[in-house]
Amino acid sequence: MILAKVVGTVVATRKDERLVSHKLLVVQPIDPRGKAHGTHIVAVDTVDAGFGETVLVVSGSSARMAATLKDTPVDAAIVGIVDEIDF
């Protein structure tokens with residue numbers, strides 16, 4: 001799993017028909033303290049996340065197992081919204 005912050009949206013008027021009605025968000029991976037690291041990722045939103053929220057992202061075959069994404073061509077999916085992180 002990847003901890004990330006939602007930093008933007010992607011609008012794609014032409015895409016694979018299996019992605020129609022799915023929201024695409026740009027996320028920035030972060031460390032547990034909130035510091036950005038790595039490159040941005042485009043992920044399919046399965047939990048109705050919003051701009052600025054901290055989210056959990058899965059990638060690879062795990063992303064295709066997320067709700068409503070079976071047999072959908074995705075490599076990253078947002079599967080949770082983080083309320084808080086305790087050390």
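Is aspartate 71 buried or exposed? In this predicted model, aspartate 71 counts as exposed because its relative accessibility is 57%, and exposed begins over 50%. The residue sits in the loop between α1 (61–64) and β5. Its backbone deserves a glance too: phi of aspartate 71 is near 65°, a positive value in a residue other than glycine. Aspartate 48 can be read alongside it. This aspartate is placed in the loop between β3 and β4, and its phi is near 60°, again positive in a residue other than glycine. With a relative accessible area of 63%, aspartate 48 is exposed as well.

From these two loops, the view can widen to the whole chain. The protein contains one helix and five strands, and, read from the N terminus, the elements follow the order β-β-β-β-α-β. The C-alpha trace spans about 40 × 25 × 20 Å along its principal axes. For 87 residues, a compact globule would have a radius of gyration near 12 Å, and the 13 Å of the protein agrees with this. Of the 87 residues, 36% are buried. Among contacts with a separation of 6 or more, 54% are between residues 24 or more positions apart.

The strands come next. Strands of a sheet pair through backbone hydrogen bonds, either parallel or antiparallel. Here, five strands close into a barrel in the order β1-β2-β3-β5-β4, with mixed pairing. From one strand to the next, the twist averages 55°.

The barrel can be followed pair by pair. β1 and β2 run antiparallel and are joined by six bridges; one residue pair to look for is glycine 8, whose bridge partner in β2 is valine 26. Valine 26 also stands opposite valine 42 in β3, so a reader tracing the model can use this residue as a signpost between strands. Strand β2 (residues 23–29) and strand β3 (residues 41–45) are themselves antiparallel, with five bridges between them. The next pairing is in the parallel sense: β3 meets strand β5 (residues 76–81) over two bridges, and valine 44 has alanine 77 in β5 as its bridge partner. Elsewhere in the barrel, strand β1 (residues 2–10) and strand β4 (residues 54–59) run antiparallel and are joined by four bridges. Leucine 3 is paired there with leucine 56 in β4, while lysine 5 stands opposite threonine 54 in β4.

Threonine 54 rewards a longer look. This residue of strand β4 is buried, because its relative accessible area is 16% and buried means under 20%. Not counting residues up to four places away in sequence, threonine 54 touches Leu3, Ala4, Lys5, Ile30, Gly80, Ile81 and Val82. With lysine 5 there is also a link between side chains, a polar contact of 3.4 Å. By contrast, the C-alpha atoms of threonine 54 and alanine 67 are separated by 19 Å, with the two residues 13 apart along the chain.

What lies in the interior? In soluble globular proteins, nonpolar side chains tend to be buried together. The largest nonpolar core of this model has ten residues: Ala4, Val6, Leu25, Val27, Ala43, Ala49, Val55, Val57, Ala76 and Ile78. At least two residues of this core come from each of β1, β2, β4 and β5. Another core lies apart from it and has nine residues, including Val58, Ala63, Val74 and Ala77. Within the ten-residue core, valine 55 is a good residue to select on screen. Leaving out residues up to four places away in sequence, valine 55 touches Ile2, Leu3, Ala4, Val6, Val27, Ala49, Ile78, Gly80, Ile81 and Val82.

A last stop is histidine 22, in the loop between β1 and β2. Although aspartate 48 and aspartate 71 are exposed loop residues, histidine 22 counts as buried, because its relative accessibility is 15%. Once neighbours within four places in sequence are left aside, histidine 22 is in contact with Lys15, Val44, Thr68 and Leu69. Among these partners, Val44 is the residue of β3 met earlier as the bridge partner of alanine 77.

Technical notes
Residues numbered from 1 in each chain as written. Predicted model: local features only at pLDDT ≥ 70, side-chain atom pairs only at ≥ 80, totals over all residues. Heavy atoms only, no water. Pairing = 2+ DSSP bridges. Axes fitted to C-alpha atoms, helices over the stretch in contact; angles between N-to-C directions. Buried < 20%, exposed > 50% of the residue type's maximum accessible area, 1.4 Å probe, protein only. Contact = heavy atoms within 4.5 Å. Core = buried A, V, L, I, M, F, W, Y, C linked by side-chain atoms within 4.5 Å. Polar contact = N/O pair within 3.5 Å; in protein donor to acceptor, adjacent residues only side chain to side chain. Rg over C-alpha atoms; globule rule 2.2 N^0.38 Å.
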